[in-house]
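Here is a set of short questions and answers for a reader new to this structure. Each answer sets a value against its definition.

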Amino acid sequence: PAGTGVANELLIFDASWSVGGEERRLPLVARVATDTPLYLDAHIETHYRMYRALADAPGVPVPSVYGYEADPAVLGAPFFVMERIEGDIPGDRPHWSEAGFVHDADPGQRRRLWESAVGALAALHQVPVEAFGFLASADGTDGFAANLAYWRRYLDWATRDRPHDVLEPGWAYL
């Protein structure tokens, strides 16, 4: 999509086939892993499993996912295929607060947009934690400790192990 997307390459396509002489068509997206992810530990299979875990969650708008392929020989990297949903996507180049449909929206439209987003977040927080067992730490570390360790690794990765003059002192309090 123009003006957005930096986490993975997206291949947008239509699948078509025939069943009993009747033509079928399905708009799809293949989300392909990248060698240079935006986020540390951004495993494409985890993204696929998250969509699957949220598929039946009331009020959580996620596309249907149709399959995951781990073999990089198929498209050059692991990928998964999901439903393509038409709609507008707030851009990040230029940022949505500077140009585009969110920037141009009137106050009532913005209110509906934000209320919809907050509603989806509230619904997301109602999903039972058991749906995400695949995210459990292999060493049994609790969620908070695992999350804190992730952000420590992320800081080290992003700063290439150079101390960050603002963030580093905060770790002393943790």
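A salt bridge is a side-chain nitrogen of Lys or Arg within 4 Å of a carboxyl oxygen of Asp or Glu. By this rule the count comes to six. The model is predicted: local features need pLDDT of at least 70, side-chain atom pairs count only at pLDDT 80 or more, and totals for chains, interfaces and linings use all residues. Residues are numbered from 1 along each chain as its sequence is written, and side-chain values use heavy atoms, with hydrogens and water left out.

Q: Why is the contact between R25 and D14 called a salt bridge?
A: The N to O distance between their side chains is 3.1 Å. The limit is 4 Å, so the pair qualifies.

Q: What makes R25 and D14 a link between separate parts of the chain?
A: R25 sits in strand β2 (residues 22-32) and D14 in strand β1 (residues 9-19), so the salt bridge ties together parts 11 residues apart in sequence. Strands here are DSSP runs (E, at least two residues), as helices are (H or I, at least four), and both are numbered from the N terminus.

Q: Is R25 buried or exposed, and how do you know that?
A: Buried means under 20% relative accessible area, exposed over 50%, and partly exposed in between (1.4 Å probe, protein chains only). R25 has 52% relative accessibility, so R25 counts as exposed. Its partner D14 has 39%, so D14 counts as partly exposed.

Q: What makes R24 and E22 a salt bridge?
A: Their closest N and O atoms are 3.7 Å apart. That is within the cut-off, so the pair counts. R24 is partly exposed because its relative accessible area is 35%. E22 is partly exposed too, at 45%.

Q: Why are R111 and E115 separated by about one helical turn?
A: They are four residues apart in helix α3 (residues 107-124), so about one turn lies between them. They form a salt bridge, with the closest N and O atoms 2.9 Å apart. R111 counts as exposed because its relative accessibility is 56%. E115 is partly exposed, at 45%.

Q: Which residues are joined into one network by salt bridges that share partners?
A: The network holds D14, R25, R84 and E86.

Q: How do you know that R31 is buried?
A: R31 has 14% relative accessibility, so it counts as buried. R31 is found in strand β2.

Q: What makes the meeting of R31 and H47 a polar contact?
A: A polar contact is a pair of N or O atoms within 3.5 Å; within protein, one must be able to donate a hydrogen and the other to accept it, and residues adjacent in sequence count only if both atoms are side-chain atoms. The side chains of R31 and H47 make such a contact at 3.3 Å.

Q: Which residues line the largest cavity?
A: The lining is A7, N8, P37, L38, Y39, A42 and H47.

Q: Why is this space called a cavity?
A: On a 1 Å grid over the protein atoms alone, a cavity is a set of points where a 1.4 Å probe fits but cannot get out; lining residues have an atom within 4 Å of a point. The count is one cavity of 30 Å³ or more. The largest has a volume of about 30 Å³. Points are joined across faces, edges and corners, and the volume is the space filled by probe spheres set on them.

Q: How do you know that T159 is buried?
A: The relative accessible area of T159 is 13%, so T159 is buried. T159 is found in the loop between α4 and α5 (168-171). A polar atom of its side chain lies 2.7 Å from the backbone oxygen of L155.

Q: Why is G143 called exposed?
A: G143 has 57% relative accessibility, so it counts as exposed. G143 lies in helix α4 (residues 143-158).

Q: What makes I44 a buried residue?
A: The relative accessible area of I44 is 4%, so I44 is buried. I44 lies in helix α1 (residues 44-54). The C-alpha atoms of I44 and V32 are separated by 7.5 Å, with the two residues 12 apart along the chain.

How values were computed
On a 1 Å grid over the protein atoms alone, a cavity is a set of points where a 1.4 Å probe fits but cannot get out, and a pocket is an open set with protein on both sides within 12 Å along at least five of seven lines; lining residues have an atom within 4 Å of a point.
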